[in-house]
Amino acid sequence: MEELKLKLSVLPTEPGCYLMKDRHGIVIYVGKAKNLRNRVRSYFTGAHDEKTMRLVKEITDFDFIVTNSEVESLLLELNLIKKHYPRYNILLKDDKSYPFIKITKEEHPKLIVTRTVKPTTGTYFGPYPNAYSAHETKKLLDRIYPLRKCNTMPDKLCLYYHIGQCLGPCVYDVQQEQYKEMIDGITRFLNGDTKQITDELKEKMNAASEALEFEKAKEYRDLLGHVEATMNKQKMMTKDMTARDCFGYSVSKGWMAISVLLIRNGNLIEKKADMFPINDDVQEEFFRYIAQFYDLKSNLLPKEVHIAKGLDQKIIDEYLPVAVVQPKKGQKKEMVDLAIKNAEIALENKFEMIDKDEARTVRAIESLGEVLNIETPIRIEAFDNSNIQGVDPVSVMVAFVDGRPSKRDYRKYKIRTVTQPDDYASMAEAVRRRYTRVLKEGLPLPDLIIVDGGVGHMNTVKSVLMDELSLDIPVAGLAKNEKHKTAELLYGDQASIVPLKKNSQEFYLLQRIQDEVHRFAISFHRNTRRKTSVTSKLDGIEGVGPKRKQKLLSHFGSIKRMSEKEIEDFTEIGIPAPIAKRILETLNA
C-alpha cells in the first residue's frame, strides 16, 4: 500500500488511460480519465459499492498512459480492453461483431449472413444483435428471391435450382436486369418496405389458383404468412424514415442494463439488452458501451443515435460520426423511454439469476479459500489423465477464473516420457510442462491446483512444483466414490479430508471443475485414439506410404468405407491391384 500511495502522489493530471493489476501482474481493469491523478486516487478513497470494493481489494499495482485528449484516451481504452480482456471491464462483444445480411457484388450475386464488413465487396444491412433473426430473415428471402447459393460455380444444376431457390446461372444465362430487380426487392424488404413483395406474392398466388396449380398457390400463401409473421415482430413504427438507434439504461445494486432499439425505415427491426457490473461512473460506462457497440470504421452507422440522459455532448459529437440526439417530447422520446423500460425490465428479471450466479461463483471461491486457509483462489487450474491400459496416455489442464471455465486457457498434453501405465508419471510430465512454460513466458500462476486423484497424485504434483520448479502453490486432490462422482476434497501437508457439505456452493464448484476436466480428458483421449487407430490399420502394409495413405483416406473418407470397397475401386484412383488386395485383406482380417 505504501508503494501505491507513492505512485498515486506522482500521477500526472493530464488525460489518459490507467491499467489496474492484481498480485500476478494481470491487468484486471482498464479505464480512461480527464485527470489521471484524480480518477485513480478516487478508487482508494471514499465509499464504493460491493463490486468496486472487490476490484480495489485485488489491486496491487497500476500503470498509466498519458494521451493528448480525452477522445484519444477513449480510443486507447477500447484497444487496451480488446488486448487485455480485463475481468472487471465490460467485454461487450468478446471481440466478435454482430452479423449483417450482405448482397455480394459479383456477376452472379449471393445473399449471405456475415460478421465481416468489407464495404467494397457488397451491400450490407444490419447489424442484427440477434443472429438467429438474421439467419431466419435470410431463409425467407432465399425462398422469395432465387439468388445463387453455391460458393464455387458448379458445372451442373443443383438442388436449389430444382426447388426454385436458384436461377441456375451455372447452366443458363441470367440477365443483370433480373438480378437488379431481385436486389431492389431484397433492399426494400430489409429496409422495412414489404408492400411490393406482398402484392407480388398475392398476384402469383391468385394466378396459380386460377390455373388450378393449387400446390404452387399454397406455397405462395405460406410465403405471405412468413412475411407477415416476420413483419409482425417489427410492428412499431416511427413517422420518418431516418435510420436511428435508441439507447436507454437502468442502474441498480451495482449493475447496469443497457437496451438498444434499432430503427430502420421507420420500423423497429431489432432490440437488444446487455447487463453487466459497473466499476466506474455511470455515464462513463454508458458511453463506453455505445463506443463498443459500433464498428466506428464502418460506413454502416445509423444517421442518428438517440439517448435520454446527458453524456458529454462535445466528446460524443467529436468521436461518433453520427448525430447524437436527446429528444424531449413526441414519438422519438417515447422510443427512448421504451429503451429505458426494456433496460429496467432486464434488470428486474435477471437479479434473481444474478444472485444465484454470484453465490455459485464468487462466494464459492471465497468460501473455498477460507476453508483451505489460502488466499481467494481466483484462478484454479485442474489436471486429469486418460488412457486405456497405458495406451495413448494423455493429460489435460482446465482453468477456472472467478469460478467459471476459461476455455482459452485449456491445455492438452500427449504424454511423451511414459511408456507403461503410470498415472503419477503422466501427471508429473503434464504439470512439469505446464509450469515450465508458465515461468518461461511470464504467464499467470494459479492460486490453487486441483488434481483428479488422491494423495499419491497430490504428492507427485507437489514434488514437481517444489523440488523441480521451486513453486509454492497450494495443491488439492479430488477423490471420487464408487459411482465415479466427486466424493471428497483432500488438502494439507499430510493430505486429509476437508469437511465440506455436499450441498454447499464450494462443493458444487468442485464438482463442476472435476466434471469439466474429466470431460476434456476423455474427449482428447478419444480423438487421440481415433487418429492412432486410423494410422495403425494402414501402417505396415507393403506399398502404402504416407502419401498413398493420405490419398486413400482423402478419397474414401474412412477406414470403414475403405474396407467395404472392391479392388476395382482402388485401381480407379491409381492404386495397383496387388496393393489394393493387401489393403483389403488387412482391413478385413
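A polar contact here is a pair of N or O atoms within 3.5 Å. Keep that cut-off in mind for the first stop on this tour of a predicted model.

**Stop 1: the start of helix α14**

Select Asp422 and Tyr424. Asp422 caps the N-terminal end of α14, with a side-chain oxygen 3.2 Å from the backbone nitrogen of Tyr424.

Now extend the selection along the helix, residues 423–441. How far apart are the end C-alpha atoms of α14? They are 27 Å apart, which agrees with the 27 Å that 19 residues should span at 1.5 Å a residue. Just beyond, pick Gly442: this residue follows α14 and has a positive phi, near 65 degrees.

Next, colour α14 by burial. The buried residues are Ser426, Met427, Ala428, Glu429, Ala430, Val431, Arg434, Tyr435 and Val438.

**Stop 2: α14 against α15**

Keep α14 on screen and add helix α15, residues 455–468. The two pack at an angle of about 35 degrees, and their axes are 9 Å apart. The crossing of α14 past α15 is right-handed. On the α14 side, the contact is made by Asp423, Tyr424, Met427, Ala428, Val431, Arg432 and Tyr435. From α15 come Gly456, His457, Thr460, Val461, Val464, Leu465 and Glu468. Met427, Ala428, Val431 and Tyr435, which you have just coloured as buried, take part in this contact.

**Stop 3: α4 and α10**

Move to helix α4 (residues 70–84) and helix α10 (residues 282–293). Their axes lie 11 Å apart, at an angle of about 70 degrees. Angles of 65 to 115 degrees count as roughly perpendicular, so that is how α4 and α10 stand to each other. Here too the crossing is right-handed, with α4 passing α10. Show side chains for Glu70, Leu74, Glu77, Leu78 and Ile81 in α4; they meet Glu284, Phe287, Arg288, Ala291 and Gln292 in α10.

**Stop 4: Lys138**

Select Lys138, which sits in helix α5, residues 131–144. Is this lysine buried or exposed? Lys138 is buried, because its relative accessible area of 17% is under the 20% cut-off. Display the side chain of Asp142 as well: a polar contact of 2.6 Å joins it to the side chain of Lys138. Beyond its neighbours within four places in sequence, Lys138 is in contact with Ile101, Leu111, Ile112 and Val113.

**Stop 5: Val40**

Go to helix α2, residues 36–42, and pick Val40. Val40 is buried, at 0% relative accessibility. Which residues surround Val40, leaving aside neighbours within four places in sequence? Look for Leu8, Leu11, Tyr18, Met20 and Phe62, each in contact with Val40. For a distance to try in the viewer, take Val40 and Leu19: they are 21 residues apart in sequence, and their C-alpha atoms are 9.6 Å apart.

**Stop 6: Ser386**

Select strand β12, residues 379–388, and find Ser386 within it. Ser386 is buried, with a relative accessible area of 7%. Not counting residues up to four places away in sequence, Ser386 touches Asp392, Pro393 and Val394, and also Ala521, Ile522 and His525.

**Last stop: the whole chain**

Zoom out and switch to cartoon view. The protein chain comes to 20 helices and 19 strands. Of its 589 residues, 47% count as buried. Among contacts between residues at least 6 apart in sequence, 59% join residues at least 24 apart. One example of a contact to bring back on screen is Ser386 with His525.

Terms used: Residues numbered from 1 in each chain as written. Predicted model: local features only at pLDDT ≥ 70, side-chain atom pairs only at ≥ 80, totals over all residues. Heavy atoms only, no water. Helix = DSSP H or I, 4+ residues; strand = E, 2+ residues; numbered from the N terminus. Expected span 1.5 Å × (residues − 1). Buried < 20%, exposed > 50% of the residue type's maximum accessible area, 1.4 Å probe, protein only. Polar contact = N/O pair within 3.5 Å; in protein donor to acceptor, adjacent residues only side chain to side chain. Axes fitted to C-alpha atoms, helices over the stretch in contact; angles between N-to-C directions. Parallel < 35°, antiparallel > 145°, perpendicular 65-115°, else oblique. Left-handed = near helix turned anticlockwise from the far one by under 90°. Contact = heavy atoms within 4.5 Å.
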